[in-house]
Amino acid sequence: SETVTIAGDNCAYSRESIEGGGWARESGFWELEVNERLRTQGKKLVWVPAASMDFRDAGSLAPMARRRFTHGKRFGMSRRLSSGESILRIAAASPLVPFILFGRAARRVWANGLYRRRLFASAPAFAVLSASWALGEAVGAAGAGVAHRN
């Protein structure tokens, strides 16, 4: 089914879509930008319920949380510099991020109905990972503010 956006860890793009947008895997990209560019080019994003991701070599929760923090920090810095959004607003919203992300995941899981038990079983790890992201985003936004003033 057609959708507006898909989280980056859960999507796949054709090489042409990435290279055509000027993004490179090596330097990274934000799926929101890619998704928006694809839509403006008249392409569709499609949610495929049968698709799955397998993070076999992801490691334990601690290294995953560090990666989420680092990714969130990059995003916070990028968001602050590109939009000029207030550091205080980003920092104030960061405690809400885990709840917002869990709510989005829960709505999708609930609509599907297959993995409701797994949703609740994964909630503690989900909280750690999304809190790591949110903290990183706030730290990145604060760092971008300092870098921007220099």
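**A salt bridge on α2 and aromatic pairs between α5 and α6**

In this predicted model, taking a side-chain nitrogen of Lys or Arg within 4 Å of a carboxyl oxygen of Asp or Glu as the criterion, the count comes to one salt bridge. The side chains that meet in this salt bridge are those of Glu36 and Arg39, with a distance of 2.6 Å from N to O. Both residues belong to helix α2, where they stand three residues apart and are therefore separated by about one helical turn. An α-helix has 3.6 residues a turn, so residues three or four places apart point the same way, and side chains of opposite charge can pair when their charged atoms come close. Neither partner is described by an extreme of accessibility: Glu36 is partly exposed, with a relative accessible area of 39%, and Arg39 is likewise partly exposed, at 30%.

The same helix, α2, which spans residues 31-40, also contributes buried residues, namely Glu31, Val34, Asn35 and Leu38. Viewed down the axis of α2, these buried residues fall within an arc of 95°, so they line one face of the helix. After α2 comes Gly42, whose phi is positive, near 85°.

Turning to the whole protein, the secondary structure comprises six helices and two strands, which follow one another along the sequence in the pattern β-α-α-β-α-α-α-α. Of its 150 residues, 26% count as buried, while the accessible surface comes to about 10500 Å², with 58% of that area belonging to carbon and sulfur atoms. Among contacts between residues at least 6 apart in sequence, 72% join residues at least 24 apart.

A search of the whole structure for aromatic pairs finds three. In one of them, the rings of Phe102 and Phe126 have their centres 5.3 Å apart and their planes at 80°, so the pair is edge-to-face. Because Phe102 lies in helix α5 (residues 97-112) and Phe126 in helix α6 (residues 116-149), this pair ties together parts that are 24 residues apart in sequence. Phe102 is partly exposed, with a relative accessible area of 21%, and Phe126 is partly exposed as well, at 25%.

Another pair is formed by Trp110 and Phe120, whose ring centres lie 5.9 Å apart with planes at 85°, so that this pair, too, is edge-to-face. Trp110 lies in α5 and Phe120 in α6, so the pair ties together parts that are ten residues apart in sequence. Trp110 counts as partly exposed, at 42% relative accessibility, and the charged end of Arg116 sits over the Trp110 ring, 4.4 Å from the ring centre.

Terms used: Residues numbered from 1 in each chain as written. Predicted model: local features only at pLDDT ≥ 70, side-chain atom pairs only at ≥ 80, totals over all residues. Heavy atoms only, no water. Buried < 20%, exposed > 50% of the residue type's maximum accessible area, 1.4 Å probe, protein only. Helix = DSSP H or I, 4+ residues; strand = E, 2+ residues; numbered from the N terminus. Arc of directions from axis to C-beta. Contact = heavy atoms within 4.5 Å. Areas by Shrake-Rupley, 256 points an atom, 1.4 Å probe, with all protein chains shown as cover. Phe/Tyr/Trp six-rings, centres within 6.5 Å; stacked < 30°, edge-to-face > 60°. Lys NZ or Arg CZ within 6 Å of the ring centre and 35° of its normal.
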